[in-house]
Amino acid sequence: MKKWILPLMLLSVLLISACSNTSSSGNENESKKEEAQTFTYESETGPIEVPKDPQRVVMLSGFTGNVIHLGVNLVGVDVWSKTNPTFEQELKDVAEVSEDNLEQIIELEPDLIIALSTVKNIDKLNEIAPTVTYTWGKLDYLEQHIEIGKLLGKEEEAKAWVDDFQERVTEAGDEIKAKIGEDSTVSVIEAFDKNLYVYGDNWARGTEILYQGMKLNMPEKVKEMALKDGYYTLSTEVIPDYAGDYVILSKYAEADTSFQETETYKNIPAVKNGHVYEMEGNGASFSDPVTLEKHLAFFKKSFLGE
């Protein structure tokens with residue numbers, strides 16, 4: 001019987017070796033598979049491993065429309081996004097979340113969180129899912145979209161939209177200037193709560209489109225007081241000093257609009273000439289592609305009747 005012992009021992013060694021190699025190969029394959037599902041994103045705060053194809057994104061920022069436009073699934077958004085009428089249909093089944101309620105975010109099982117750099121509980125959020133933050137205004141409105149495209153694996157789609165949008169904005173701007181005159185000025189004024197504001201060229205409400213994209217003229221007084229900080233608070237008495245030949249008036253639903261009943265306002269040339277175009281203030285403070293498309297359509301209809 002002893003002559004069978006050596007072959008059996010050799011067979012056992014071969015089987016153990018094969019199992020070991022299979023196990024090792026399996027672990028390596030699993031590791032490669034996991035590695036292939038993520039990539040290193042260079043965020044503002046340093047490199048971070050994020051999913052290549054995120055399926056459950058939570059937003060704690062004003063960039064919700066960027067993610068919607070790129071077709072990535074959202075499972076939770078901040079209150080400002082949730083109550084934005086522009087996103088009403090897209091977010092009807094999406095939960096409203098806050099960094100103050102971490103348990104709720106955990107229940108949503110996100111694989112990626114996008115937030116503003118001012119977000120609270122960042123360390124705890126990172127324990128739930130990779131959390132990428134952006135500083136509002138660090139990038140311009142179009143660069144920001146491309147950057148979010150990089151994060152979501154949709155950079156080419158983001159670039160394609162930006163190129164197309166810039167072309168359409170330039171074309172519309174040329175048509176508007178041909179109609180209203182090269183030297184005509186445009187102001188963007190907003191009624192919010194009991195306050196009035198006038199805006200510079202990078203504070204949403206369509207300002208980026210009008211001033212940066214279409215290159216329409218800003219009144220000198222607006223340049224002086226609002227261009228640097230982005231906005232300037234007005235009183236009813238001084239509105240005529242900041243009103244251009246054309247005025248975009250952003251009005252929140254609950255805003256005090258009694259200023260429109262004053263003689264000061266009624267005697268503004270833009271008002272008397274019917275050159276005041278009112279748009280909904282709720283949601284106008286965003287500058288993502290969904291909102292920008294809405295603003296562009298509004299400006300074309302207002303100035304060109306399209």
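Two strands are counted as paired if DSSP finds at least two bridges between them. Helices (H or I, at least four residues) and strands (E, at least two) are DSSP runs, numbered from the N terminus. The model is predicted: local features need pLDDT of at least 70, side-chain atom pairs count only at pLDDT 80 or more, and totals for chains, interfaces and linings use all residues. Residues are numbered from 1 along each chain as its sequence is written, and side-chain values use heavy atoms, with hydrogens and water left out.

**Exercise 1.** Determine the strand order of the open sheet with parallel pairing, and explain why strand 5 and strand 7 each have one side without a neighbour.

*Solution.*
- Step 1. The order of the five strands is 5-4-3-6-7.
- Step 2. Strand 5 (95-96) and strand 7 (131-134) are at the edges; each has a single partner strand, so one side of each lacks a neighbour in the sheet.
- Step 3. Four bridges connect strand 6 (residues 112-116) with strand 7 in the parallel sense; Ala115 has Thr133 of strand 7 as its bridge partner.
- Step 4. Helix 6 (residues 141-151) packs on the sheet and touches strand 6 and strand 7, where contact means heavy atoms within 4.5 Å.

**Exercise 2.** Describe the open sheet with mixed pairing.

*Solution.*
- Step 1. Its five strands follow the order 10-9-8-11-12.
- Step 2. Strand 10 (231-234) and strand 12 (276-280) form the edges, each pairing on one side only.
- Step 3. Strand 8 (residues 186-192) and strand 11 (residues 246-251) run parallel, joined by six bridges; Ser187 stands opposite Val247 in strand 11.

Conventions. Axes are lines fitted to C-alpha atoms, for helices over the stretch in contact, and angles run from 0 to 180 degrees between N-to-C directions.
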